[in-house]
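Reader: I should like a close look at a single part of this model. Please describe how one helix is placed and then what lies elsewhere in the chain.

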Amino acid sequence: MLLSIVVPCYNEEAVIAETLKRLSAFSRELNELDVEFIFVDDGSTDATRSILKQHASHDTRIRLVSFARNFGHQIAVTAGIDCARGDAVVLIDADLQDPPEAIHAMLEKWRAGFDVVYGTRTDRPGESAFKRATAKCFYRLLNRLSDVPIPLDTGDFRLMSRPVVDTLKAMPERDRFVRGMVSWAGFKQVALPYQRAKRFAGKSKYPLSKMIRFACDGIMSFSAKPLQLAMAMGMGTSLLALIGIFYALFLRIFTNIWVEGWTALMIAVLFLGGVQLICVGILGEYIGRIYKESKQRPLYVVQEYFGFQEEITFSRSPVVDRK
């Protein structure tokens, strides 16, 4: 049986040699499984690609998928899944925050009959209090909004069986949130608690702006509740406006007091304008996703497949250059 380990990479020259060393040490401890390492270079601008090609020239287990430009972490994960041939597929980042040694425990649960074994972070050393707090809030908010239960405090570090991988390959959407897609797929899933390590080298590839974008993708890909919230806000403001109209008519007809005041008028106008802009923005996010889907562009463009001895049977890229 074959185990595929998918490793997305972006400017990882400071850590990639150690990642290869740790993964090789892990693979030597496997007796009953063959292993292939699929590294996806997400348009790195440093020496990551050349280092990986050098190692792949001497190790036939290493395959390299090189993007023509940076397409993003979730797309890189998808490309690795697309060309993985294993009976089980493991997703792990190159920064060694997720320990390769934990894969042993994942394999045990897979042998016990589970289709998905996802890592649950019990601790996040090396990360700021702000990032830990926002991540905690995001996962809980996402679970409240999502139509599909998504496990709390989990990343993409997980093992998936072949049926789950084939299900993901059949999902064509462009705004991808892989951990949510795995939850949507169903099958028999179980958590594996583990302690996350500090980043071995380099810096996070997810600054605040990318984190916000990633959070929006997660929420809007798996929930229509923001649209329902926009409708609820519209109905609420309409109700407030109706009450104000009746109040003004009552004062005009039954009393000698008229509704006066520039301040009250400006507050009402600005409040309604703000609500309208929020609702238009929510609608715009969903329409933008529909627009991207309608263009039907390739999900990614591969500049080169390196180290693949066998034929590549599935790729979303229009270019399949195998060396």
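Author: The account below begins with helix 4 and then turns to two other sites. The model is a predicted one.

Helix 4 spans residues 103-111, and its buried residues are Ile103, Met106, Leu107 and Trp110. These four cover an arc of only 100° around the axis, and they therefore lie on the same side of helix 4. The general rule is that an α-helix has 3.6 residues a turn, so residues three or four places apart point the same way. As for partners, the buried residues of helix 4 pack against two groups of elements: the strands are strand 1 (2-9), strand 4 (88-91), strand 5 (116-123), strand 6 (154-161) and strand 7 (189-195), and helix 1 (16-28) joins them. Just after helix 4 comes Gly113, whose phi is positive, at about 115°.

Helix 1, one of those partners, contains Thr19. Thr19 has a relative accessible area of 2%, and because buried means under 20%, this residue counts as buried. A polar atom of the Thr19 side chain lies 2.6 Å from the backbone oxygen of Ala94. Apart from its neighbours within four places in sequence, Thr19 is in contact with Ala94 and Leu96.

The last site is on the surface. Leu239, Leu240, Leu242, Ile243, Phe246, Phe271 and Leu272 make a nonpolar surface patch of about 680 Å². At least two residues of the patch come from each of helix 9 (225-254) and helix 10 (262-295). Helix 9 gives the largest share, 5 residues, and Leu239 lies in that helix.

Technical notes: Residues are numbered from 1 along each chain as its sequence is written. This is a predicted model: local features need pLDDT of at least 70, side-chain atom pairs count only at pLDDT 80 or more; totals for chains, interfaces and linings use all residues. Side-chain values use heavy atoms; hydrogens and water are left out. Buried means under 20% relative accessible area, exposed over 50%, partly exposed in between (1.4 Å probe, protein chains only). The arc is that of the directions from the helix axis to the C-beta atoms. Contact means heavy atoms within 4.5 Å. A polar contact is a pair of N or O atoms within 3.5 Å; within protein, one must be able to donate a hydrogen and the other to accept it, and residues adjacent in sequence count only if both atoms are side-chain atoms. Patches are made of residues with over 30% relative accessible area and no salt bridge: like charges are joined within 9 Å, nonpolar side chains (Val, Leu, Ile, Met, Phe, Trp, Tyr) within 5 Å. Accessible areas come from the Shrake-Rupley method with a 1.4 Å probe; for residues, only the protein chains shown count as cover. A salt bridge is a side-chain nitrogen of Lys or Arg within 4 Å of a carboxyl oxygen of Asp or Glu.
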